Amino acid sequence: MGVARECHRQGIGRSLFEEAKEKAGQMGYSFIQVKTVQMGRYDIYDDTNRFYLSLGFRELEVFPTLWDEGNPCQVYIMAIEK
């Protein structure tokens, strides 16, 4: 899921995430995982990383070559409280 750049910083992404998290919990999931390009590579992805961190995600692992060497994959995870 994503939000058009011109619509960033309006609470849309946070609202979408909260709905998805609630639904995942209702469906019995214990964790949510997201992937993006590792912090420090591109400004646009640094914004995405900061957004995930602001939601409460924690860094889990980086896969340096999952996509390719220029785009290391950062994996974040969050436990769903029940």
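Here are two short exercises on helix H2 and its aromatic neighbours, each with a worked solution.

Keep in mind that this is a predicted model, where local features need pLDDT of at least 70, side-chain atom pairs count only at pLDDT 80 or more, and totals for chains, interfaces and linings use all residues. Residues are numbered from 1 along each chain as its sequence is written, and side-chain values use heavy atoms, with hydrogens and water left out.

**Exercise 1.** Work out how the rings of Tyr52 and Tyr76 are arranged and which parts the pair ties together.

*Solution.* Start with the search of the whole structure: five aromatic pairs turn up. (Rings of Phe, Tyr and Trp, its six-membered ring, pair if their centres lie within 6.5 Å; planes under 30 degrees apart are stacked, over 60 edge-to-face, the rest tilted.) Tyr52 and Tyr76 have ring centres 6.0 Å apart and planes at 55°, so call this pair tilted. Next, place them: Tyr52 sits in helix H2 (residues 43-55) and Tyr76 in strand S3 (residues 71-79), so the pair ties together parts 24 residues apart in sequence. (Helices, H or I, at least four residues, and strands, E, at least two, are DSSP runs numbered from the N terminus.) Finally, zoom out: ring pairs link both tyrosines with Phe17, Phe51 and Phe57 into a cluster.

**Exercise 2.** Find the buried residues of H2 and what covers them.

*Solution.* Buried means under 20% relative accessible area, exposed over 50%, partly exposed in between (1.4 Å probe, protein chains only). In H2, Asp46, Asn49, Tyr52 and Leu55 are buried. Tyr52 comes in at 15%, and its partner Tyr76, also buried, at 0%. The cover over the buried H2 residues includes helix H1 (12-26), strand S1 (31-37) and S3.

Note on methods. Contact = heavy atoms within 4.5 Å.
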